[in-house]
Amino acid sequence: HKEGAAFKGLAHQKTSTKTIGPRVSRWLLDAAKENRKARAKGDYGVVLDKKTGDTDTTSEEGKAALRAKRDRGKMIAEAIRLLDGLGYREKDSVDGLRDFLDDGNDDVVVITLGMLGKWKEWSVLPDLQELFDIYPDENGFETGSVSVDTGAAGSADQAAAKRKWMAKFGD
């Protein structure tokens, strides 16, 4: 919560957009990069219950992971709002924001869509099609499937696929 408030505080400072914009944009791009690295390692920000395979919402470790994921989503959303309010955009902003289109936090997805829409960024249309496949009408949704091949024996693939699904379609 502190970092989200810090982003809001930056917008009220008398420093210029040229100072704030690059710092916040770099933070967002770094967050997107960290997300890609974590996902490549099979870390999707949730802890799975070993018995059910569902998100662990009862253990202290599971609760802490969910809190961290939600707090991270709030910080990302605030950073995107700040850049939007400043009207700031860098050449690699689209690639960074694209990573947030499949975030498990709906607020992050919606804010990202709004920003890309304002920019009339057509290169993300394939990513948007994926979203519309999940939400075919305004009163419902259909989740898709994910596949993971860890190369390990046993239920490792199933557990990794569950984490990937939870990251993509929410907790």
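Begin with the largest nonpolar core of this predicted model. Select its 25 residues, then highlight those with the most contacts inside the core: Leu 28, Ile 76, Ile 80, Leu 97, Phe 100 and Leu 116. Colouring by element shows that two or more residues of this core come from each of helix 2 (17-40), helix 3, helix 4 (93-98), helix 5 and helix 6. Helix 3 makes the largest contribution to the core, with six residues. As general background, nonpolar side chains tend to be buried together in soluble globular proteins.

Next, select Phe 100 and display its surroundings, setting aside neighbours within four places in sequence. Contacts of Phe 100 then include Leu 28, Ala 31, Ala 32 and Asn 35. Also among the residues in contact with Phe 100 are Arg 72, Ile 76 and Ile 80, together with Val 108, Val 109 and Thr 112. Of these partners, Leu 28, Ile 76 and Ile 80 also appear among the core residues with the most contacts.

Move now to helix 3, residues 60-86. Its 27 residues reach 39 Å from the first C-alpha to the last, close to the 39 Å expected at 1.5 Å a residue. Just after helix 3, select Gly 87, where phi is positive, at about 70°.

Return to helix 2 and select Ser 25, which lies within that helix. Is Ser 25 buried or exposed? With a relative accessible area of 3%, Ser 25 is buried, because this value falls under the 20% cut-off. Apart from neighbours within four places in sequence, the residues in contact with Ser 25 are Leu 83, Tyr 88, Glu 90 and Ser 93.

For a contrasting site, select Lys 120, in the loop between helix 5 (106-118) and helix 6 (125-134). Its phi is near 50°, a positive value in a residue other than glycine. Lys 120 counts as exposed because its relative accessible area of 56% is over the 50% cut-off.

Finally, clear the selections and view the whole protein. The secondary structure consists of seven helices and zero strands, so that the order of elements from the N terminus reads α-α-α-α-α-α-α. Of the 171 residues, 36% are buried. Among contacts with a separation of 6 or more, 64% are between residues 24 or more positions apart. With the molecular surface displayed, the accessible area comes to about 10,600 Å², and carbon and sulfur atoms account for 52% of this surface.

Terms used: Residues numbered from 1 in each chain as written. Predicted model: local features only at pLDDT ≥ 70, side-chain atom pairs only at ≥ 80, totals over all residues. Heavy atoms only, no water. Helix = DSSP H or I, 4+ residues; strand = E, 2+ residues; numbered from the N terminus. Expected span 1.5 Å × (residues − 1). Buried < 20%, exposed > 50% of the residue type's maximum accessible area, 1.4 Å probe, protein only. Core = buried A, V, L, I, M, F, W, Y, C linked by side-chain atoms within 4.5 Å. Contact = heavy atoms within 4.5 Å. Areas by Shrake-Rupley, 256 points an atom, 1.4 Å probe, with all protein chains shown as cover.
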